[in-house]
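Reader: Please choose one part of this model and look at it closely, setting it in its surroundings and saying how confidently each region is predicted. I would prefer a connected account to a list.

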Amino acid sequence: MLLMSRLASLESRRGWQVFLILLVLTIVLVPVLNLTLPPESPFHVPTYMLSLLGKYLCFALLALSLDLIWGYAGALSLGHGAFFALGGYCMGMYLMRQIGTRGVYGNPDLPDFMVFLNWTELPWYWWGFDQFWFAALMVMAVPALLAYVLGWLAFRSRITGVYFSIITQAMVFALMLAFFRNEMGFGGNNGLTDFKEILGFNIQAQGTRIGLYVASAVVLALGYLISRFIVTSKLGRVLMAIRDAESRVRFLGYSVTNAKLFVFTVSAILAGIAGALYVPQVGIINPSEMSPGNSIEIAVWVAVGGRGTLFGAIIGAFTVNGAKSFFTGAAPEFWLFFLGALFIVCTLFLPQGIVGFAAQMRARIARKATPAPEEVGNAASKHRA
Amino acid sequence: MLRASTAPDTAELEPPVQATPIRTARQPAGSILYLDGVSVSFDGFKALNNLSLVINKGEMRTIIGPNGAGKTTMMDVITGKTKPDKGDVLFNAEVDLTKLDEAKIANLGIGRKFQKPTVFEHLTVFENLELALKTERGTFATLFFHLTGQQAKRIDEILGVIGLGDRRKEKAGALSHGQKQWLEIGMLLMQEGQLLLLDEPVAGMTDFETETTASLLLEIARDRSIVVVEHDMEFVRALGAKVTVLHEGSVLAEGSIDTVQADHRVIEVYLGR
């Protein structure tokens, strides 16, 4: 009972309505429009579009994970691309092992790049990745372990602010350089690609693509609810308190290190899952996912959407990536100008992102409608009743 | 041995203080806080120099001293923010505070209010108190925490004591300076500490707010020990507690406010430069 009421209180009644409507639209309407309508219909969603949306859903989960640690605990990680890529690599290793004898060299155990390097047996760290359950476990465990160790070192030494950002950025850069090396055994700069099957389904088939798309949407929804659970708990308020006045929290008797470590690890797991869902949809994972620029871009998504709101991160990921897809298709030469303009507009006019801007507008309209200004500030909390 | 059994009546029992640095062999027994020979230096500057201080259980003590006398450093040492170079810091005559970090010390029952009011501005007044509420502090216990009716009542009680009952749903950032100070005192009360350390609780307050704060402190001092660092002499007088004067990191004089104010060394320290 207690748990049920706790879960129900994750969102206001309106919030739940919006959540469910969006979820149904995403996981039912889009696939239906893809499958049932003829290609010439204006409402037909082509399969490439479906895959593109699936990719955005993964980015949205990634942005959500960053918002958890940045928006709530105030620690800006500029290395989240590492967790995303590690999750992706774990999935990629499983997919490589599924290729079997269909590779160019037809080796049943070794992926092509290992045969090419004259390796004779599978390195120990590839063991077990022919099993989906093992790979799925590693998708979460590997990023979690890295986050735990890095976080333990950083938070215990009270590294905060820009120093934390620099350390995480250095971490992702170092990992990228390591993964570029062929001797690492992850395919060097080509990465892992040429996947054939996932769980026995042809990875190129329309049905598989729809399945991956729906899985991404469901996982994003679950990730959102888990994040909501954390931020609406007392621990969430401890995190916000850490963001506002870290040392004061210590004098209240909370372990700041443990609270941050917990949320950083959860965040890394979500990012890893996002990467694992991303890789089969785009068909490749290589070290460029760990380039420092990519990790900074994630922070841009969150900032554009509005940090510390969770759904702002999702909105931001869709907005920026949608714009990127549009510009790189329609007018590639303008994309970087647009990105630059977006930075300036956000910094100058939208410090709270799109979500903060919308809330401001709503408050302004409500203030005009009702003369009592105190009521407006409480409007959000009243929805809970 | 015999003296230990007498009631720790502070101001009256105090011998006419000759302001000799107090370094006699004191007994930690019966004390809530016992500092002996504590020294801290930062890059050669001695912030605390062989400081010895005993606060008895249930006592209220005010500490005054010119800028740089080591008042805030002393608070830092007690609460684990700064480790002393040498010396003993005992809580309840048995717990060595120099071995513990801030969170552990807080959980022992030592609460601290900072000079600048530090409340969590983006949380509501109620949520600020809820965070300070004495409960299990572990990360998972906090994640699955559920406020019971009794705990909510306790928060309401404290809201009444600090006079912020009607502002419970407001963001703490929207409070006035004085109200933030009270909220922070309320947070200390929620922690149910045995020892409260207050660093300049009335700095920047209006006269009316200062008066209110003095009576608030006298009320809460009934069932806990309190150490107040303060500059405002009127406020110190209003508290009517034993006064310790710090100077250059050690105790210069101790006694009632009148004794201390009449001490020529104290006058020299405050006026002589």
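Author: Helices here are DSSP runs of H or I with at least four residues and strands are runs of E with at least two, numbered from the N terminus. Counted in this way, chain B of this predicted model has 11 helices and 10 strands. Of its 273 residues, 42% count as buried, and among the contacts in chain B between residues at least 6 apart in sequence, 69% join residues at least 24 apart.

The part I would examine is helix α7 of chain B, residues 177–190. With 14 residues at 1.5 Å a residue, this helix should span 20 Å, and because its end C-alpha atoms are 20 Å apart, the expectation and the model agree. α7(B) is mostly covered, with 12 of its 14 residues buried. The buried stretch includes the polar or charged side chains Q179(B), K180(B), Q181(B) and E184(B), together with W182(B), L183(B), I185(B), G186(B), M187(B), L188(B), L189(B) and M190(B). The cover over these buried residues includes two strands, β6 (110–113) and β7 (195–199), and three helices, α4, α6 (149–161) and α8 (207–220), of chain B. Just after α7(B), E192(B) takes a positive phi of about 55 degrees.

One of those covering helices leads on to the partner chain. α4 (125–132) is among the elements that give two or more residues to the side of chain B that touches chain A, along with α3 (102–108) and α5 (139–143). The contact as a whole takes 23 residues from chain B and 22 residues from chain A, and by class the chain B side has 8 nonpolar, 8 polar and 7 charged residues.

A helix with the same number in chain A makes a useful companion. α7 of chain A runs over residues 161–180, and its 20 residues should span 28 Å at 1.5 Å a residue, which agrees with end C-alpha atoms that are 29 Å apart. Its buried residues are F164(A), S165(A), T168(A), M171(A), V172(A), L175(A), M176(A) and F179(A). Seen down the axis, these fall within an arc of 130 degrees, so they line one face of the helix. The general background is that an α-helix has 3.6 residues a turn, so residues three or four places apart point the same way. The face of α7(A) turned away from the buried side carries the exposed residues V162(A), Y163(A) and L177(A), while the cover over the buried residues includes α4 (80–99), α6 (132–156) and α12 (292–305) of chain A.

How far the picture can be trusted depends on the region. The model scores ipTM 0.86 and pTM 0.87. Chain B averages a pLDDT of 86, with 89% of the residues scoring at least 70. Within chain B, confidence is highest in α4(B), at 95, and lowest in helix α1 (residues 10–13), at a mean of 43. Over residues 1–25 of chain B the pLDDT is below 50, and this stretch has 27 contacts in the model beyond near neighbours in sequence. Chain A averages a pLDDT of 91, and 96% of the residues score at least 70, although pLDDT stays under 50 over residues 373–385 of chain A.

Conventions
Residues are numbered from 1 along each chain as its sequence is written. Chains are lettered from A and ligands numbered from 1 in the order in which they are written. This is a predicted model: local features need pLDDT of at least 70, side-chain atom pairs count only at pLDDT 80 or more; totals for chains, interfaces and linings use all residues. Two residues are in contact if their C-beta atoms, placed from the backbone, lie within 7 Å. A residue is buried if 20 or more other C-beta atoms lie within 10 Å of its own, exposed if 12 or fewer, and partly exposed in between; C-beta atoms are placed from the backbone. The expected span of a helix is 1.5 Å times one less than its number of residues. The arc is that of the directions from the helix axis to the C-beta atoms. pLDDT is the predictor's confidence in each residue, from 0 to 100.
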